Amino acid sequence: MKEELKKRRRLQVKSILSFIALVVLFIFADKILALSEEKLYGENIIYTHNSPYQRIALTRNNKDFRLYLNNNLQFSSADEYRYHEALIHPAMSMAPVISNVLVLGGGDGFAVREILKYKEVRNVTLVDLDTEMTRFFRENKTMQNLNHNALNNSKVSIINQDAYVWVKNAKSKYDVVIIDFPDPSNYSLGKLYSLQFYKELKKIVNPETFISVQTTSPYFAPKSFWCIQRTLAQVFEYVSAYHTYVPSFGEWGFCLASGQALNTNINHRLQGLKYYDYNFSQMAYFNKDMKTDQAEINRLDNQILVRYFDEEWGRVQ
């Protein structure tokens, strides 16, 4: 009987101590998270926020600002211009008309910044799920300096909705479409790279519309990269994959899609870019270590892209 009482008391003490520990962890959760993030990033954290969709963290190291979403690097201000010039300017230079532009994702405003460099642009519609992202990059002075206050431009309309649902219900037609979604690390994002999504997208573009899509790294994740390319090619008549080197990320990939042939009638509408020199054919060349013939089409009923992505990037980390 005494042994039973002792066991019961020990269990009670353990339960009380566990409860106290949980309370302490709850009270100091933000501080503990901040310390873990500082160790993870190895940089000075100057802003953090939990939106309904993601953890937003901004760091600074001298003049270099870095944005992390759910601990994944989204940009470094030291070299993001390479990524965004490669994403934007091939499409903007090949499209015959660039008056009405749609941006899906890209809540940081950097893609919009590049688009607004063209005087021919009349309207830019930005569709990004996270209100907190677009608010931060619209209101924060440092971010305004980086994106040239693009999200406050009178030509820009911001819509905070799920892009899949929005595209499905959209009525307007667009001359250029820029797709700058985060990498397909889960099924919610994977649907935005699916065959069904691209079929819905085709309904709001013209045959001469040019579409540019960020497609992860062809070096670190070739099956993921070519899966996106082949999925696009099921819907659009002409698709050209290309890539460039971004020091913060390594070799990074994109795709151009259109109903008309690519690499023709390049319009040198813009001069003075920091990186892109209109030599698109050079960016469209791939060495053997960035190719694969194993990639399948990404459909909603298989979400094969998410499996490729987890498998390939899991080996890198």
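## Two sheets, a bent helix and two buried cysteines

In this predicted model, threonine 59 stands opposite arginine 66, a residue of strand E3. The two strands involved are E2, which covers residues 55–61, and E3, which covers residues 64–69, and they pair in the antiparallel sense over six bridges. They belong to an open sheet of four strands, arranged in the order E1-E2-E3-E4 with antiparallel pairing. At the edges of this sheet lie strand E1 (44–50) and strand E4 (72–76), each of which pairs on one side only. From one strand to the next, the twist averages 20°.

Helix H3 comes next in this account. Spanning residues 80–94, H3 has 15 residues and reaches 22 Å from its first C-alpha to its last, which is close to the 21 Å expected at 1.5 Å a residue. Where does H3 bend? The bend, of about 25°, is at alanine 86, and proline 90 follows within four residues. H3 is also mostly covered, since 13 of its 15 residues are buried.

A second open sheet is built from seven strands in the order E7-E6-E5-E8-E9-E11-E10, and here the pairing is mixed. Strand E7 (156–159) and strand E10 (238–246) stand at its edges with a single partner strand each, so one side of each is left without a neighbour in the sheet. Neighbouring strands of this sheet are turned by 15° against each other on average, when direction is ignored. One of the pairings joins strand E6 (residues 123–127) to E7 in the parallel sense over four bridges, and within it valine 127 has isoleucine 159 of E7 as its bridge partner. Helix H10 (residues 222–233) packs on this sheet, where it touches strand E9 (205–214), E10 and strand E11 (250–258), and its direction makes about 155° with that of E10.

The two strand pairings described above can be set side by side.

| Strands | Sense of pairing | Bridges |
|---|---|---|
| E2 (residues 55–61) and E3 (residues 64–69) | antiparallel | six bridges |
| E6 (residues 123–127) and E7 | parallel | four bridges |

The cysteines remain to be considered. A disulfide is a covalent bond between the sulfur atoms of two cysteines. How many disulfides does the structure hold? The structure holds zero disulfides. Are cysteine 227 and cysteine 255 buried or exposed? Cysteine 227 has a relative accessible area of 0% and is therefore buried, and cysteine 255, also with a relative accessible area of 0%, is buried as well.

Conventions. Residues are numbered from 1 along each chain as its sequence is written. This is a predicted model: local features need pLDDT of at least 70, side-chain atom pairs count only at pLDDT 80 or more; totals for chains, interfaces and linings use all residues. Side-chain values use heavy atoms; hydrogens and water are left out. A disulfide is a pair of cysteine sulfur atoms within 2.5 Å. Buried means under 20% relative accessible area, exposed over 50%, partly exposed in between (1.4 Å probe, protein chains only). Two strands pair if DSSP finds at least two bridges between them. Axes are lines fitted to C-alpha atoms, for helices over the stretch in contact, and angles run from 0 to 180 degrees between N-to-C directions. The expected span of a helix is 1.5 Å times one less than its number of residues. The bend at a residue is the angle between axes fitted to the seven residues ending there and the seven starting there. Contact means heavy atoms within 4.5 Å.
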